[in-house]
Amino acid sequence: MMKRLLLIIVSYLFVLNAYGSALIMEGLSEFSEFRTYPYVDKAFELEKQHRYTEAEEEIEKALNITPEHLPFLRYQYLLLTKAANYAKAEQVLNLIPNEQREGLLFALRNQQLKENNTLTSVQFIALLNGLTAEEKDKLTLSYLYQLETAKGATQALDWARELPSEMKSADILAYEAEKAFELDDFDRTISSIAAIQRQEGDLNERLRLLLGLSYLAKGNVPQALALANELPALKSSEGIVRQHIENLVEDNDISTARVQYEWLTTHHSLTNADYKKKFELAIRDNDLKSAIAAASPAGINCIANISLYAELNQLDIANERFQSCSPKEDPENWLYLAEKLGQTDAIESQLFSDDVLIQQQRKILANLYHREQQDQKQIALLDRPQNLNEYMLLATAQQRSGHFKEAVDTWYQLFLKTGDVEALDIATTLAIEHLSPRRSIALIHDSLRKLRSEAYQRTQLDRLLALYADHPAYFNPNEIKQFNDQPVSAQHLANLWVNNDACDVAQKALTQPESSFAYRVLAYCIYQTDPNKALAYLEKAHAQQPDKHDLFYFGYLYTVTDQPEKALSYWLLMPEDQLSPNMKFYIAQNFYHTGAYEKADTWWNAADLQQSEDWWLLGVNIAISRHQYSTAELRLQQADSRFDSVYIDDLYSRLYNASGEQDKLIEFYETQIAQHPDDATYKAELAYILFPTDTERAVRLLEQSIPSLDSEALFQAEHQLAIGYSRLGLNADAKAQYAKLIDPLSDSPSASDKQKLVYLQSQNKQVDNRWQFSISETGGNDARNAESTLFTADQNRFLLGEAQRTLLNHDNGANSLSFKLAWLSSGEDTPFDTKELDIGLSWRPLPTYDLNVALGLRHQLDGDKDTNGYIRIYGDPLAHLGMNKYWQSGVDYWWHQSLYLDIFQYLGRNQRLLYGRYDVGPVFPIKYDNQHRLRAYSFLQADQDENRTTDNSVTRSDFRAGLGVGWLSQWGYNKYHGYNHDLEVDLEWQHIIDSDFYPKTNTEDAFMLRLYWHY
């Protein structure tokens, strides 16, 4: 249809162009012809040069002379069309009578459309005005093909979708159906064909085929088959069913495909290819009887036919008919069928000349000999194996016939040629089971040099270690280097070096251990002599490659390195029936060290090692910790009757200390001293007990014991002796003793020694100098930012000067009773506007807790000059935790916290002052000399003034929080006293959260600077 359309257009243009100067003048008078000829002739010349616009201008001049001359108008229309001046061409066309216009408007529109591929359907329809229905249809089809060429079928189809349905003829709908099918838009194909059917009634073969194939593509098989069955003899019906068969075969629905082949057989003629297909489908459907029936029409040969009987397991028929099949018909398949039927003799009897068939015959016989276990024939056939499969078959025959040496060699050759680790596995297993250890070890060593598989290297190394474990005479400890480089699974066999006294070889070779096995060898070698190092080795080994035997070693090593929680985490993973009495003892010991005393007692009883002193000692300690003192004493007595041990004697001390039976404890030490007069430990222990009640005798006992003590026991005794001298007023002796303790610590770089030094210097300082002095000044921009119970005035500046004299000390050196004298003053611009004097006594009842009770008098030095008595309770309940600001050595920073609480009650007037402040923050060491420190902190602060001295009782409170930084340092160093001056400067920002006091500023934030000095 498209070709016909183009032919009409070209023919028409040719006719127009065929006008000569004579014909175009036809109908003109001689005068008009004379006048117009020059223009027409020039127009022809310009047209030949493709100068269409200029040619049209010449014809325009001729038309001015003869405006109604139809040939001129036709020629002008032609030139305007060639010049693409379609608007003017349409104007000229309107000048031509209707009966003379046939084809001209169509040609114009067609020319316009050729140069425009961007028209919408609305724009396109507008161009169709004035055309006949046939021309519209032709033009629409032409434009669709044009769009398809320019922009593709998808856009052409989208454009066609926008056309009104009344414009779509059967040809246009057929175009849509074809293109939609090509684009797999099967719904569009079906709808387009349905529209054609409504217009035309019947469908041609092509459309019926497209419709059926679309149904199939959408999975609507019943409708597709219904269409085929309407007119089954048509080629389109055949095409639908054939496509359906292909789909079924692709979906592996073979039985249904065969049913459809029967439909084809009924309605159409089958080709040889169809019969072969039916034969193949019968085979695939396992319908071998039908396959046999189809074999003859399909041209299947004798051998293939017999194969079907074999598949049906009709072996008697197959073997009988096999004799009638000639090997020459299909020698390759004859051999395969003979193998399948087990026709070993027939195969052996054939002599082939073709090398390929000879190799195939050899291969089949090898397979048959293997299957029938004709091992001697196999060994003879494969005497010189030609390929890898023959190596495997030969090795199997040698192995089955008991030729183990040859079998090992053949399997190993197969491994060498292929890298097949299964072949190596068989070779190694046979060697270990049937050959000598020396031969097996040599084979493993050789294989390790050739193996690339890390997993199988591990298997071979495990076998090698197992051989060494079973045959220690062949063990070579120098091979440890190999085990350091390669992976091993049998990690527990790392104890070979221990068991064979070869640890010196291992330790010398393993200067840089890498593998988990190497680390375990080292760990097992030293786990009893150096458990910490052994633990480090074992942890590295376990991290690389865990082993179940690690549970025991980890449990033991964590036990002896005092890590009971970790030890238990391993011991308790072991099944209880695998735990020895010693292991149960270790579990009990670890539970004891974690504080799980009841569990410890259960496991202690389960261990039942009555011949072990350690077992008895643990039992006593467990009973003491459970406060079962009678049980502990009974166990201790039983142990004492079995063993003569200083450790048992020491437990008496612990028992009586724990039970509070001090008389028994003193009696025990007195007895021990009487029995062992040279034992300094008993004297020192008795001295510590007697120190609070009989300091003088305690000092004598310490003096006697010190020459025989060493290490920490010596330091403790000498320190206690220094405190004793001080307590007895023997200050010179005390200072000499402190000097003795301080001298060896002065130059020690140890952080713990430096802490001891600071502590001793502080105590020595108080031996003959019991006075302390301090000055603190605080200033800021808020009346209460420096508030404390020491002073109640609402002023910005505050000054406190204080002197303290220690009167009594606790046994640990802490102050017990002290005298205090304080100066307090404050003001707005200077801290001296209001002044008070405070004098009193302060008592600290507990040696380890900072809790103080004070009684005193406070006298106002100006104003009313009142004097009032008071009682005060103050201190820091968190001080005993040790999180203070004092210098710490060997750390990058430490945390400081304090909770200062103060309750101040006047005795002469009904007024109570309450104050509390919590500080927390890090402290950073800056420089050891002068112990420079920088601290940052946050705080919460609250105070309350309850004043009921007048009829109008007033309770006011203040609550604030903030941040601060401080610089701390110490000055005036003395070797034996340490630093005498403490200096601290703090800058603090305070945010007032809630306050009942009258604010002197309009801000809720305040700032404070504090200076503190202590001597």
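A cavity is a set of grid points where a 1.4 Å probe fits but cannot get out, and its lining residues have an atom within 4 Å of a point. With that in hand, this predicted model can be read from its barrel inward.

**The barrel**

Twelve strands close into a barrel. Their order is 1-2-3-4-5-6-7-8-9-10-11-12, and the pairing is antiparallel. From one strand to the next, the twist averages 20 degrees.

Where do strand 1 and strand 12 stand in the sequence? Strand 1 covers residues 771-780, and strand 12 covers residues 1005-1014. These two strands pair in the antiparallel sense over seven bridges. One residue pair can be named: Gly779 has Leu1009 of strand 12 as its bridge partner.

**The largest cavity**

A search of the whole structure turns up three cavities of 30 Å³ or more. The largest has a volume of about 130 Å³. Its lining counts 16 residues. Nearest the centre of this cavity lie Glu802, Lys820, Asp838, Tyr870 and Arg872.

Five strands each supply at least two residues of this lining:

| Strand | Residues |
|---|---|
| Strand 2 | 797-809 |
| Strand 3 | 815-827 |
| Strand 4 | 834-843 |
| Strand 5 | 850-860 |
| Strand 6 | 867-876 |

Which strand gives the largest share of the lining? Strand 4 does, with four residues.

The lining of the largest cavity is mixed in class. Nine of its residues are nonpolar, two are polar and five are charged.

Key:
Residues are numbered from 1 along each chain as its sequence is written. This is a predicted model: local features need pLDDT of at least 70, side-chain atom pairs count only at pLDDT 80 or more; totals for chains, interfaces and linings use all residues. Side-chain values use heavy atoms; hydrogens and water are left out. On a 1 Å grid over the protein atoms alone, a cavity is a set of points where a 1.4 Å probe fits but cannot get out, and a pocket is an open set with protein on both sides within 12 Å along at least five of seven lines; lining residues have an atom within 4 Å of a point. Grid points are joined across faces, edges and corners, and a volume is the space filled by probe spheres set on the points. Ala, Val, Leu, Ile, Met, Phe, Trp, Tyr, Cys and Pro count as nonpolar, Asp, Glu, Lys and Arg as charged, and the others, Gly among them, as polar. Two strands pair if DSSP finds at least two bridges between them. Axes are lines fitted to C-alpha atoms, for helices over the stretch in contact, and angles run from 0 to 180 degrees between N-to-C directions.
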